[in-house]
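Good morning, and thank you for joining. I should like to walk you through one protein chain, and I ask that you keep the display in view as I speak.

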Amino acid sequence: MKKFLIGFFATGFTLLTIAALGGYWGYQTLTQFAQSPLKIGVAQELEIQRGTSFNQFSQLLRQQNLIEDDGWKLKWLVRLNPELAQIKSGLYDVAPEDTVTSLLERVVSGREKSFALTLLEGQSIKEWQQLLLTQPKLKFDEGMFTQILLDNGDTSGLAEGKFFPDTYHYRANNSARALLQESYRKMQAELDSAWHNRQQGLPLKSSYELLILASIIEKETGKASERPWISAVFINRLNKGMRLQTDPTVIYGMGERYEGNITRKDLREKTAFNTYRINGLPPTPIAAPSLAAIQAAANPADVDYFYFVSRNDGSHVFSRTLQEHNRAVNKYQRNR
């Protein structure tokens with residue numbers, strides 16, 4: 001549009017138009033106005049309500065001190081180029097480096113302000129709900145996760161782990177349903193791909209069990225390169241009929257009672273998620289796994305480890321035997 005305006009001023013004026021604008025002075029004034037920076041020192045937002053006329057828009061710009069307080073220049077720009085009057089409602093970013101022309105281009109093309117929302121891997125639906133409730137200018141209620149499941153034929157009511165962690169974008173006053181639908185579909189696509197390309201012979205009956213395992217791997221992983229090894233430990237234990245004995249499942253089963261520490265009593269408590277007390281996998285995922293965790297669950301490393309313990313720096317010591325494991329525990333946990 002900037003090129004159009006400059007070209008128009010250079011070639012499109014009739015003698016009558018120039019005369020009406022006061023000749024050369026009018027031409028120069030409009031050219032300078034179109035290319036002039038807005039009258040602001042810091043970035044701000046401009047909200048245009050639905051149904052706003054161009055005259056109302058012009059008045060809004062003056063009220064927010066974005067343009068000088070006369071308005072005839074803006075009206076003449078619109079007369080010379082009627083397309084400029086086709087403003088679109090929405091919330092727009094306005095920067096100090098914007099000119100009158102760049103702002104008009106943005107508003108006419110409907111390039112509204114975009115908000116970014118990051119749903120983090122390793123977090124639960126409950127944690128995501130708290131984030132969504134505090135997002136600026138986003139419509140959300142806690143029933144949306146279940147509704148997305150129903151919209152896709154899932155009547156289980158179990159949303160945990162079924163939405164893909166990623167960064168999503170929305171515009172002001174949008175509903176969260178669109179981005180949650182995108183998140184759900186992305187998780188189903190990645191999970192289906194991982195399931196169909198999984199290592200043969202895994203002790204997993206369905207892609208949902210793969211998702212459950214991936215969520216545990218996600219919570220146990222502090223060092224990204226260790227995911228396939230952590231996956232191998234759990235797969236090896238499942239193949240041997242050993243309990244998984246993983247703390248994140250205990251924590252998830254404790255719910256609101258968890259305050260930062262696990263006691264011996266907590267480990268002995270039989271909940272649906274306490275893998276120190278139940279055989280096999282817990283009934284649902286315990287968090288949203290990343291793509292890397294899903295792929296690790298589908299393709300564990302070819303190692304014969306059955307144990308691991310944290311070095312307290314994000315990495316782990318892996319062991320084949322209980323004796324080796326106990327030595328590592330003594331070194332890195334009991335003698336800290």
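I shall take confidence first, then helix packing, then a few individual residues.

What we have here is a predicted model. The average pLDDT of the protein chain is 89, and 90% of the residues score at least 70. The exception I would draw your attention to is residues 1-16, where the pLDDT is below 50. In the model this stretch has 25 contacts beyond near neighbours in sequence. Where pLDDT is low, the predicted coordinates should not be read in detail.

Let me turn to the helices. Two packed helices are described by the angle between their axes and the distance between the axes. I shall use that description for two pairs that share a helix.

The shared helix is α14, residues 291-298. Its first partner in my account is α11, which spans residues 227-240. How is α11 placed against α14, in distance and in angle? Their axes come within 8 Å and cross at roughly 45 degrees. An angle between 35 and 65 degrees counts as oblique, and α11 and α14 are therefore oblique to each other. The crossing of this pair is right-handed. From α11, the residues R227, P228 and S231 take part, and they meet A292, A293, A296 and A297 of α14. By class, this contact comprises five nonpolar residues, one polar and one charged.

The second partner is α9, residues 177-196. Here the axes of α9 and α14 lie 9 Å apart, and the packing angle is about 25 degrees. Since angles under 35 degrees count as roughly parallel, α9 is roughly parallel to α14. This crossing, too, is right-handed. On the α9 side we find M187, E190, L191 and A194, and on the α14 side L291, I294 and A298. The classes in this contact are six nonpolar, no polar and one charged.

I move next to a helix described by its burial. Of the ten residues in α6, which spans residues 100-109, eight are buried, so the helix is mostly covered; buried here means under 20% relative accessible area. The buried residues are V100, T101, S102, L103, L104, R106, V107 and V108. After α6 comes G110, with a positive phi near 75 degrees.

That brings me to backbone angles in general. Most residues other than glycine have a negative phi. Which loop holds N65? N65 sits between α4 (54-63) and α5 (72-80), and its phi is positive, near 60 degrees. With a relative accessible area of 51%, N65 is exposed. Q245 is likewise not a glycine, yet its phi is positive, at about 50 degrees. Q245 belongs to the loop between α11 and α12 (247-254). Its relative accessibility of 39% places Q245 in the partly exposed class.

My last residue is L119, in the loop between β3 (114-118) and α7 (125-133). Is L119 buried or exposed? L119 is buried, with a relative accessible area of 1%. Leaving aside residues up to four places away in sequence, L119 touches W128, L131, P165, D166, Y168, L180 and S183. There is also a relation across the sequence: L119 and F164 are 45 residues apart along the chain, with their C-alpha atoms 7.9 Å apart in space.

That concludes my remarks, and I welcome your questions.

Definitions and conventions
Residues numbered from 1 in each chain as written. Predicted model: local features only at pLDDT ≥ 70, side-chain atom pairs only at ≥ 80, totals over all residues. Heavy atoms only, no water. pLDDT = per-residue confidence, 0-100. Contact = heavy atoms within 4.5 Å. Axes fitted to C-alpha atoms, helices over the stretch in contact; angles between N-to-C directions. Helix = DSSP H or I, 4+ residues; strand = E, 2+ residues; numbered from the N terminus. Parallel < 35°, antiparallel > 145°, perpendicular 65-115°, else oblique. Left-handed = near helix turned anticlockwise from the far one by under 90°. Nonpolar A, V, L, I, M, F, W, Y, C, P; charged D, E, K, R; others polar. Buried < 20%, exposed > 50% of the residue type's maximum accessible area, 1.4 Å probe, protein only.
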